[in-house]
Amino acid sequence: MVYKFRVILDAEEDIFRDIAILAEDTLEDLHNAIFNSFGFDGMEVASFYTCDETWNQEDEISMFDTGDIQGEQKIMSDYQLSDILDEQNTKIIYVYDFLNMWTFLVELAAVEERVAGEMYPATLFSHGEMPDEAMEKNFEADMHDDIYGEFEDDLDEDDLDMFEGDDSFEDYGQEDNWN
């Protein structure tokens, strides 16, 4: 089977590539197809991230094993595309070059029969020119998880008055240890 992906650069303008690749190829093969179709040199580190239907990032699948125990962490070359993506799970996020954070939304658009004589992977369609720089990313936490209301401790200056004039703390000369 052939997987046909639309790979969209997360940018203001519409910049995308349509890529056809074999279902039994690996995520590493898809990585190579993506950086080639967008004109990168392939010298930077990249990762895929599983995600939900609304593109919320989940688990990382990196190029290299960065775990504490070698061989314990699965990497791009360990996953066939058909292991990760199918008609129900169609989305994955790809990040290339962690200094610039080129971020791509990769969506499985079609699953078709292989065409005899065709070479895969192949860039089927290209739209838009790559900008000189990646779009700036803002990483923000969801504040709905903050059960303490932006870390409020309900203390103000008046609450600190209780320590004034309290001689129960001895001076142990700690400033001498900072030289």
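Here are four short exercises with worked solutions on a predicted model.

**Exercise 1. Lay out the sheet**

Work out in which order the seven strands sit in the sheet and which strands stand at its edges.

Solution. Start with the order, which reads β4-β3-β5-β6-β1-β2-β7 in an open sheet. The pairing is antiparallel. Next, look at the two ends of that order: β4 (57-62) and β7 (122-127) each have a single partner strand, so one side of each is left without a neighbour in the sheet. From one strand to the next, the twist averages 25°.

To check one pairing in detail, take β3 (residues 46-51), which joins β4 in the antiparallel sense over four bridges. Within this pairing, Y49 has E60 of β4 as its bridge partner.

**Exercise 2. Follow a buried arginine**

Find out where R17 lies and whether this residue is buried or exposed, then list what surrounds R17.

Solution. First, place the residue: R17 belongs to strand β2 (residues 16-22). Second, compare its accessibility with the cut-off: buried means under 20% relative accessible area. R17 has 5%, so R17 is buried.

Third, collect the neighbours more than four places away in sequence. R17 touches F5, R6, V7, S37, F38, F125, S126, H127, G128 and M130. S126 illustrates how the fold brings remote positions together: R17 and S126 are 109 residues apart in sequence, yet their C-alpha atoms are 4.6 Å apart.

Finally, look for polar partners of the side chain. A polar atom of the R17 side chain lies 3.0 Å from the backbone oxygen of S37. The backbone oxygen of H127 also lies 3.0 Å from a polar atom of this side chain.

**Exercise 3. Map the nonpolar cores**

Identify the residues with the most contacts inside the largest nonpolar core, and the elements that build this core.

Solution. Begin with the core itself, which has 32 residues; F5, L27 and F104 have the most contacts inside it. Then assign elements: β1 (2-9), β2, α1 (27-37), β3, α2 (81-84), β5 (91-96) and β6 (102-112) each give two or more residues. The largest share, five residues, comes from α1.

Now zoom in on L27. Setting aside neighbours within four places in sequence, L27 is in contact with F48, I61, M76, Y79, L81, I84 and I92. There is also a second, separate core of five residues, with Y49, C51, I93 and M101 among them.

**Exercise 4. Sort the salt bridges**

List the three salt bridges of the structure, and say which elements they connect.

Solution. Take the pairs one by one.

- E112 and K4 form a salt bridge, with the closest N and O atoms 2.7 Å apart. E112 lies in strand β6 and K4 in strand β1, so the pair ties together parts that are 108 residues apart in sequence. E112 is partly exposed at 34% relative accessible area, and K4 is partly exposed at 26%.
- D18 and R6 meet through their side chains at 2.7 Å, N to O. D18 is in strand β2 and R6 in strand β1, twelve residues apart. D18 counts as buried at 15%, whereas R6 is partly exposed at 32%.
- K91 and E53 form a salt bridge, with the closest N and O atoms 4.0 Å apart. K91 lies in strand β5 and E53 in the loop between β3 and β4, so the pair ties together parts that are 38 residues apart in sequence. K91 counts as buried at 16% relative accessibility.

Note on methods
Residues are numbered from 1 along each chain as its sequence is written. This is a predicted model: local features need pLDDT of at least 70, side-chain atom pairs count only at pLDDT 80 or more; totals for chains, interfaces and linings use all residues. Side-chain values use heavy atoms; hydrogens and water are left out. Two strands pair if DSSP finds at least two bridges between them. Axes are lines fitted to C-alpha atoms, for helices over the stretch in contact, and angles run from 0 to 180 degrees between N-to-C directions. Buried means under 20% relative accessible area, exposed over 50%, partly exposed in between (1.4 Å probe, protein chains only). Contact means heavy atoms within 4.5 Å. A polar contact is a pair of N or O atoms within 3.5 Å; within protein, one must be able to donate a hydrogen and the other to accept it, and residues adjacent in sequence count only if both atoms are side-chain atoms. A nonpolar core is a set of buried Ala, Val, Leu, Ile, Met, Phe, Trp, Tyr and Cys residues joined through side-chain atoms within 4.5 Å.
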